[in-house]
Amino acid sequence: MPAPRSIASARQLVLDAAVPLPSRPVPLEDALHRVLAEPLAASADVPAFDNSAMDGFAVVAGPSSRILRISGESRAGTPAAAALGAGEAIRISTGAALPDGADAVVRIEDVEERDGAITTAVAVLAGENVRHVGEDLRAGTVVLPAGTLLGPAELAVAVGAGVAAVAAARRPRVAVLCTGDELRPAGAPLQRGEIHNSNVVALPAQARLAGAEVVLARAVADDLAATEAAFAQALAHADVVIASGGVSVG
């Protein structure tokens, strides 16, 4: 008689037979709880343009106490219409593109605005309060390795990397068979000796939480032919079959 198989070795036997699953492009909106089949790299530099890290004014770096005329505005999604000229400042919001000619941003808290001009209260260094091209990611940088489980944060990273779909393993197909003449559907009236079939609800729910697609969930009578037919049907459509019942002598 063969030695009993441990739970760990039985689990590995199932995994060896069922994975790896084939991959395909999956839109990000459908990729939650999928597993990356290939490394995900940034498609472009992030950010793609120099932009402001603060609300304030785009200026040329210089000393404090300068009086600069406000010549325009750069808002997120609406860059300034003209380049920054000498002696000018352009109003700018966080995330807005840095205007041509500017090399720094002075915070709104560090200026006094009056009569269409600002007076700077601090010296401003080149690059101050500016997020530069590629500061977060460079094009081609791997941001998520293969094998990553895609949660909400990982999906956000993928969006930031400039992609709309990822190569992900398809969801494993799971069938659940619950054997027993005593089993009845949830809520059904019970005769003496009968019980409600909790496994046919709980096991598919656990499989879905683990990321599987449940293709079959049904009860099976305590009959050899019926059991063999049910397993044949399940194995024809599923990568993994979960069976419950048959405890002790049964």
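**Strand S6 within a mixed sheet**

In the predicted model, strand S4, which spans residues 56-59, is joined by three bridges to strand S6, residues 88-92, and the two strands run antiparallel. Two of the residue pairings along this contact can be named individually: Phe57 has Arg91 of S6 as its bridge partner, while Gly56 stands opposite Ile92 in S6.

Strand S6 is also paired with strand S5, formed by residues 67-74, and here the pairing is parallel and extends over five bridges. Within strand S6, Ala89 serves as the bridge partner of Ile70. Strand S6 thus takes part in an antiparallel pairing with S4 and in a parallel pairing with S5. With buried taken as under 20% relative accessible area, four of the five residues of S6 are buried, so this strand is largely enclosed by the rest of the structure.

These pairings belong to a wider arrangement, in which six strands make up an open sheet of mixed pairing, with the order S7-S4-S6-S5-S9-S8. The edges of the sheet are occupied by strand S7, residues 104-107, and strand S8, residues 111-114, each of which pairs on one side only. On average, and with direction ignored, neighbouring strands of this sheet are turned by 40 degrees against each other.

Notes. Residues are numbered from 1 along each chain as its sequence is written. This is a predicted model: local features need pLDDT of at least 70, side-chain atom pairs count only at pLDDT 80 or more; totals for chains, interfaces and linings use all residues. Side-chain values use heavy atoms; hydrogens and water are left out. Two strands pair if DSSP finds at least two bridges between them. Axes are lines fitted to C-alpha atoms, for helices over the stretch in contact, and angles run from 0 to 180 degrees between N-to-C directions. Buried means under 20% relative accessible area, exposed over 50%, partly exposed in between (1.4 Å probe, protein chains only).
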